[in-house]
Amino acid sequence: MLSIDRLSLRIGAAEILRDVSFDIGAGEVFGLVGESGSGKSMTALAAMGLLPRGAAPSGRVAFEGRQILAAKERAMCALRGREIGMIFQEPMTALNPLKTIGDQVAETLLVHGAAGRFEARRVAEARLDRVGLGAVGAERFPHELSGGQRQRVCIALAVALRPKLLIADEPTTALDVTTQAQILDLLKGLVDEDGMALWLITHDLAVVADVADHVAVMRDGALVEAGRTEAVFRAPKAAYTRKLMADSTHVPDRKAGAQSAPILEVSGAVRDYPAGRAGLFGPRKSFRAVDGVSLTVRAGESVGLVGESGCGKSTLTRAILGLDALQGGEIRLDGERIAAPAVPPPLRAKMQVVFQDPFGSFNPRHKVARLVAEPFHLTPVPDIGARVAEALEAVGLAPGDAEKYIHEFSGGQRQRIAIARAIVIRPKLVVLDEAVSALDVSIRARILDLLAELQARFGLSYLFISHDLSVVRAVTDRVLVMQAGRIVEEGATEQVFGAPAHAYTRALIAAAPRIPEGWLAA
Amino acid sequence: MARYFLTRLGSLALSLIVASLVIFAVIEVIPGDPASFMLGLNAAPETVAALRAELGLDGSLTARYLSWVGGLFVGDFGTSYTYRVPVAELVGARLWVSLPLTLYALLLSTLIAIPVGVIAAARRGGPADYGIMGATQLGIAIPNFWFAMLLVLVFAISLRWFSAGGFPGWEAGLWPGIKALTLPAVALALPQASILARVMRSSLIETLGQDYIRTARAKGLSQRQAIVRHALRNALIPVMTIIGLQFSFLLAGAIIIENVFFLPGLGRLIFQGITQRDLVVVESVVMLLVFAVILVTFLVDIAYAAIDPRLRRGGGAR
Amino acid sequence: MRRLPGQLWLGAAVTAVFVAAALLSFLWVPYAIDGIAIANRLKPPTMAHWLGTDQFGRDILSMLMVGARVSIAVAVVAVGIGILLGVPLGLWAAAHRGAWLDELIMRGNDLIFAFPSLVIAILITAVFGPSAFNAILAIGIFNIPVFARVTRGGALSLWTLDYVLAARVAGKGRLRISVEHILPNVANLLIVQGTIQFSLGILAEAGLSYVGLGAQPPTPSWGRMLAESQTLISLAPHIAIFPGLAIVLTVLGLNLMGDGLRDHLDPRLRRLR
């Protein structure tokens, strides 16, 4: 049905795609996998005729025999939405904030002249009902909906005219794992019921293994491998595919933490946020983000804290780091109480943090030497230069990198620098706040190895905060599951993942997509 | 919506109170004794005493402030010392020149700028865009009063299409009045329209880069449909802020430009007030100008709520 | 270093010409401007008087050169006032986001926005009499909220970044973070805004001296030259045209420079490279 034949694409001097060829048949689910920057999204935009300005495609893209690249804009407008629908990664910004969701779904019918105003409204309501938003109401505005609900609206408007092909570009990447499972189920349901083909673009091999009939693997603008999903997973031909699969399930080589003295003790922590007034003169309401949380991290141990967005893990992290005060309970670090915001520097120096975003974590105007040395503000030492060089060397960078600016480094290198900054003052505890979540799988695997190595070398304790269950399972000794401000389950990692006791933990584990056991070549 | 409206109304009232305090302080407190200031150094003590009594300067500061503000509420702006007539009367006649001029210019500026900005954004990088960007770059750099002089030189002195100045009064009919205000309004509007067109252009370009425009295009909307149905209303939100700010620039500009065209507006009144040290006139006219600006800010805030549902429903936007 | 955009060079060159003319006027002008030569009045441009003479027979080029001093001085000092007061206020407000202090600073800003610089000038002049100092004060006061807003806006987005959190984890206080991490990263915004306010200041000064609220005779200023030319415009258009052109070119030069700087310094563009 969709046939892409030797598609190449350049934007200015940059070569984005090279000789990409594949076909998608009617009613099939096709998965296109690759790391960021591999050109997956550009391939989809080429098929939609929505390439950015200045893009120069060559080759052939045909939909049911009609040439897309050469098509007139008017013909493409008639095709888009009616025969090919598309949804995107970020549901929070994908809808016009000024129009009701019903209007935005109905618009698909109206622009194609498929229905009158009244009929379009009726169909829109029916489609919203189909995607599971019947109870929400067509009169709502996007800002009143959650991310998962907004993605459902996007699906409803993309499939309003029952297109033959739906392109889904990282549709669940921005969503929580349980929401992701629901959206994938919805997409599968639409494929089964309406005979629609689905072209799923993702970085996540497990999602593809779960959903796709056929899969193609993309790297640096070219396909390295394509075939039936099970065949590709069981017997990958390309070295890159094998490496991708190994990295995505990578378990770093590490020893379990010894049972020793506690380094971090949180007991009965409570943190409220003001949530605006009830009425104009009503009392201020508050929202309890962290509700009686207790946890312990022992010296040399890795403890995982998992939970979905909004469960309170970020709030708890800020309290542990001594940035925000608690309303109840207490936090002790190495036996001393942390009373934010006035934490004595020597106490603060026992704990450092690595954040998620490798791009926002550094002041772009400072050199690496100064960035890494920042924690010495807490405990000044005479030989800062030598200590910085040592920390850089420990994370696998050259001491000469200290004189460079941060924009000269890639995302993975930046995360290494962030780790160097965290360990440079030899803290006892390092809080890893989604520290590998923004990284591609191959880089993630190397960073996890590095963390394991540093833990053994410096005797660090890790508090590993993440929404990614597979990573937490691979690198922690014990794990805590957080939901709505409370810890619902805790225990040894293998025990919690192997035999979850709480219903929420079971739901989380069931929702996480996994490559079937037998598919992974040893 | 009601809550948003009430908050804005409260902020309007607060701004007015603080603004009136500032004006009162500058005019009546800083000079020490306003009466002797107004009469100059050579005034006889009896004359000063008489003026003090007339202005009610013998009361406490609080009492004077309250009586001034109380007067403003009922339209009593005091009596001009130089003209010997109520300031309300002086202002009333002149307001009907300055205010229509400002609104005329605001209307022209908006009507010119929005389509021009939309065209430039839609043809971004094309010859139309370059032409518009060049013309508006020049337009921003031209002082409105000088532009007014050039307009007089061309359209009044050389071509004789318009008179070089003066105002026939609204009694003479609507059309002669509008005609007399046209050159001044054009002179005021074009530089502001240049700014507004650029804001419109960049706002629309930014909006066109948003994810929901891509969603709309993926639905099958053409570029033009996406602009009209989705981008325009979103792009107008920052433009409205600028339109609100422009009101105050245009009002100030009107006061200056009245000099070029010999228009009997607030500008002439206030500059005469300054030269003759008629503080009563200055104080009230300044308060009126500031009131107008604060009122427009309030109206723009209300317009936001009309256009943006995130503000309408109890401030759900974070 | 990337190539600087052409408009930046053009704008900087035009601005430099006017600044140089103003500086040169301290040492030398083609003709003294305090002499009145009625016989020589309202002469159109000639080889002797490149831009002609005014109603008192003074050389217009010399008048413009001296007038440039006032325009530039007023605008520079007014921008200085805006930066010196506005930037710390903006940094302070951003560092205490949502607290009463932030609220107070922002409300105060809104209030100043309700007083266009002309109105401030009117108030000051009514009490202290007209002078160039008034113009500086009026334009400067109006610049404070402009810089406070730009600084706060830029700073707020920086405060959400992880490197600020990292600095807090390193035990640094708000003041230190504002100076070390926030200010250097809003500097680009401030440079661009400074150029814009500089050009607006030139325009505002011209407007104020046109209505007699700025520099007083005998100090020549572009705005007053235009005011004095007004009744003579049909007799000798050149005396109205050249001061106007001087204003337009200066403002144009500054705006081109500002746009060029924005393109050059914009962090969003930089990140793409």
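The contact between chain A and chain B takes 31 residues from chain A and 26 residues from chain B, where contact means heavy atoms within 4.5 Å. This is a predicted model: local features need pLDDT of at least 70, side-chain atom pairs count only at pLDDT 80 or more, and totals for chains, interfaces and linings use all residues. Residues are numbered from 1 along each chain as its sequence is written, chains are lettered from A and ligands numbered from 1 in the order written, and side-chain values use heavy atoms, without hydrogens and water.

Chain A and chain B bury about 2,700 Å² between them, and carbon and sulfur atoms give 56% of that. Buried area is the accessible area (1.4 Å probe) that two parts lose on being put together, summed over both. Three salt bridges cross this interface; the rule asks for a side-chain nitrogen of Lys or Arg within 4 Å of a carboxyl oxygen of Asp or Glu. Glu107(A) and Arg229(B) form a salt bridge at 2.7 Å, N to O. On chain A, the elements giving two or more residues to the side that touches chain B are α2 (73-79), β6 (84-87) and α3 (101-111). α3(A) gives the most, with five residues. By class, this side of chain A has 15 nonpolar, seven polar and nine charged residues.

Helices (H or I, at least four residues) and strands (E, at least two) are DSSP runs, numbered from the N terminus.

Chain A is divided into domain 1 (1-80 + 170-175 + 197-249), domain 2 (84-162) and domain 3 (262-275 + 285-512). The C-alpha centres of domain 1 and domain 2 of chain A lie 26 Å apart. Between these two domains of chain A, about 990 Å² is buried, 72% of it from carbon and sulfur atoms. Met48(A), Pro171(A) and Leu175(A) supply 40% of the area that domain 1 buries against domain 2, more than any other three residues. The rule finds zero salt bridges between domain 1 and domain 2 of chain A.

Annotated spans come from unreviewed UniProt entries. The record lists "domain: ABC transporter" for residues 2-245 and 270-509 of chain A. For chain B it lists "transmembrane region" at several spans, including 12-30 and 235-257. Such annotations may be inferred rather than shown by experiment.

| Span | Helix | Strand | End C-alpha distance |
|---|---|---|---|
| 2-245 of chain A | 37% | 27% | 27 Å |
| 12-30 of chain B | 95% | 0% | 26 Å |
| 235-257 of chain B | 100% | 0% | 31 Å |

Conventions
Ala, Val, Leu, Ile, Met, Phe, Trp, Tyr, Cys and Pro count as nonpolar, Asp, Glu, Lys and Arg as charged, and the others, Gly among them, as polar. Domain bounds come from an automatic or database domain assignment.
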